[in-house]
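Here are some notes for a colleague who is meeting this structure for the first time. They are set out as numbered points, to be read with the sequence and the model side by side.

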Amino acid sequence: MEVQLGSEGGKSVTQAGFGLLEVKVESRNCVVTETKTIAGQIVASRSYPDPGCKLPEQEKPFLPPAPEPGPNGVEIPDTDEQIYAVITQTRGGTIVETVNYWPFHTTTITDTSEATMNVSNIPDEVPPPRTNRPVPFFVNKILKIDHVYRVNYPNNPSANITDLIDIRSSFDSTNDLMEFGVWRDLEGNYNSSWGAHVSSNLVIEKHTTTRNGQPAGVYTDGLWGGVWAGKASTLRKLLALEQRGDGGRFNLKTIVSQIIPVGKQKPVAQFLPTGNTPPMNNNCCEEILDLLDEFKEVLALKEFKTKKISIPGEMIAIQTEGMPAPPDEIISNYPQMLSAILLAVNRYGIDAPITAIVEDSDLTKAGKQENEFTYTSPGTAIKAILELLLEMKAENGARLEIQVRLASAITRTLKIAAGVSESVSTIIKMLGIPVRPKQKSLPLEFNLFAGKKGKGFAKAETSGRSAGSETQLESILPNFLKDSQYELPAPTFNPDDDDIRELLVKILVAVQSGK
């Protein structure tokens, strides 16, 4: 048996030999690897964590996540930093153009296109852009074009044109070269930058072009997107110029999907494998265990487990008269609690839509005028109730003032009528004029005998309902609001009797004849 101990390259090695059998144990970074060989041939190997090893703690640098492009893309900073900007373009819309001279026709164009850019293999040190230099990273563009072009000739249908374009393809930028360009921005200033269209290594998944249903080489301008490079402030102006679009024809939209700065790239978080990791020290778990205890306390897991949380049964189910109260609902988990809350809301909530039925909406008409009102939500119903209450409050104020004035006027009228009646009766008695009671017909705006049997001096009887009840008042109201003639007993002279003038004449004649 031969045993060797040693250390090389920051690792410890133990090697034991048993003739042709050799066992090699290697420990590196708290991971132990055992290798067994027979006559120099590896027959078995395994790795496992070293239980007595602890890696030195290393401070991890803060690595901010890369900004995710939103619907308007990534904003280009207004700085002099050299950057590469990955450009993505989309468009979608329909235009209709009509020509009102010979040959009369209407052109309809619908276009939905998308150029999506994907970047990978970015080097640790990105070089600045230069003319005729390939793009320093890998760019893949996915192009989708759906284009429909129709021309309609109303006077010559046989000349109508229908072009259909359906393209699905991808491009790789492995061999695309950066090109230098000079352009004028919105303010009229000249600027320079580099750019590369992604056009090489074409892979066509689908490319269908037809005219009137037949294959044809019809054409539409595509979306190219690509990569821009230069000063960030310069590319910011170029993007503003490009974002003017196509005049609104197809809602062309140009955005920056990714910004890659020139120079050394920021480190990114690495993926850590989960297999054969060293064992964790128990001390490192104390903070996690404390945090779990806090979670348990906040989430009330102990109360759930011991069934100490319950909701009264009458809050969930309707209690029937004469029956025992519904049992309490024992809550053991959050889904059950949510279900109980929804049942309670349904129990005490307001169902929508809300329908109100009025048996008689117009009491001035005979019979029942049933009406139905529906409100789509509790808020709408409450709004209608508040509006009605406020309107009734204003009307009641005005009605009360009118009623007070009517009471004063009626009282004054009754006093005058009583005085006149007494005066007339006294004059008649004084003059000794013989009068007889006679029925006079007096027109009234109301029917004073509504709901009664009998008229005039006959004894009135009610219609059988309880006097003064709401039902009786509602039933007699239509009849009460009718015009009527009231038979009023009034003192009247007998036409066969002498009036005062004739009596005075007779007295004068008698006096004269007596002389």
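1. A good place to begin is a facing pair of residues, since glutamate 114 stands opposite lysine 144, the latter being in β9. The strands β7 and β9 pair in the antiparallel sense, and 15 bridges are found between them. Please keep in mind throughout that this is a predicted model.

2. Strand β9 has a further partner to consider, for it is joined to β10 by 12 bridges, and these two strands run antiparallel. Here arginine 150 stands opposite threonine 162, which belongs to β10.

3. For the protein as a whole, the secondary structure comes to seven helices and 25 strands. Of its 515 residues, 22% are buried, and the protein exposes about 36,900 Å², of which carbon and sulfur atoms supply 57%. When contacts between residues at least 6 apart in sequence are considered, 62% of them join residues at least 24 apart.

4. The largest nonpolar core deserves a careful look; it has 21 residues, and those that touch the most other members are Tyr84, Val119, Val135, Phe137, Val139, Met178 and Ile260. Two or more residues of this core come from each of the elements β6 (82-99), β7 (105-120), β9 (138-152), β10 (161-172) and β15 (226-231). Another core, of 10 residues, lies apart from it, and includes Ile83, Ala85, Leu235 and Val256.

5. Valine 135 can be followed a little further through its contacts, which, when neighbours within four places in sequence are left aside, are with Ser173, Asp176, Met178 and Ala196. One of these, Met178, is also among the members of the largest core that touch the most others.

6. How many aromatic pairs does a search of the whole structure find? The search finds three, and one of them is formed by tyrosine 84 and phenylalanine 137, an edge-to-face pair with 5.4 Å from centre to centre and 80° between the planes. This pair links distant parts of the chain, because tyrosine 84 is in strand β6 while phenylalanine 137 is in the loop between β8 (125-126) and β9, and the two are 53 residues apart. Tyrosine 84 has a relative accessible area of 0% and is therefore buried, and phenylalanine 137, at 5%, is buried as well.

7. A second aromatic pair is made by phenylalanine 304 and tyrosine 334, whose ring centres are 4.7 Å apart and whose planes stand at 70°, so that the pair counts as edge-to-face. Phenylalanine 304 belongs to helix α3 (residues 301-305) and tyrosine 334 to helix α4 (residues 334-348), so the pair ties together parts that are 30 residues apart in sequence. As for burial, phenylalanine 304 counts as buried at 6% relative accessibility, whereas tyrosine 334, with a relative accessible area of 40%, is partly exposed.

8. Threonine 209 is worth examining on its own account; it lies in strand β13, which covers residues 203-211. Is threonine 209 buried or exposed? Its relative accessibility is 13%, and because the cut-off for buried is under 20%, threonine 209 counts as buried. The side chain of threonine 209 reaches the backbone oxygen of alanine 216 at 2.4 Å. Once neighbours within four places in sequence are left aside, threonine 209 is in contact with Leu164, Ile165, Gln214, Pro215, Ala216, Gly217 and Val218.

9. Some points of backbone geometry should also be checked by eye. Tryptophan 102 and proline 103 are joined by a cis peptide bond, with omega about -5°, and proline 103 lies in the loop between β6 and β7.

10. Positive phi values in residues other than glycine may also catch a reader's attention. Asparagine 121, which is not a glycine, has a positive phi of about 55°; its place is in the loop between β7 and β8, and at 62% relative accessibility asparagine 121 counts as exposed. Alanine 300 likewise has a positive phi, near 55°, and it lies in the loop between α2 (286-299) and α3. With a relative accessible area of 18%, alanine 300 is buried.

Terms used: Residues are numbered from 1 along each chain as its sequence is written. Side-chain values use heavy atoms; hydrogens and water are left out. Helices (H or I, at least four residues) and strands (E, at least two) are DSSP runs, numbered from the N terminus. Buried means under 20% relative accessible area, exposed over 50%, partly exposed in between (1.4 Å probe, protein chains only). A polar contact is a pair of N or O atoms within 3.5 Å; within protein, one must be able to donate a hydrogen and the other to accept it, and residues adjacent in sequence count only if both atoms are side-chain atoms. Contact means heavy atoms within 4.5 Å. A nonpolar core is a set of buried Ala, Val, Leu, Ile, Met, Phe, Trp, Tyr and Cys residues joined through side-chain atoms within 4.5 Å. Rings of Phe, Tyr and Trp (its six-membered ring) pair if their centres lie within 6.5 Å; planes under 30 degrees apart count as stacked, over 60 as edge-to-face and the rest as tilted. Accessible areas come from the Shrake-Rupley method with a 1.4 Å probe; for residues, only the protein chains shown count as cover. Two strands pair if DSSP finds at least two bridges between them.
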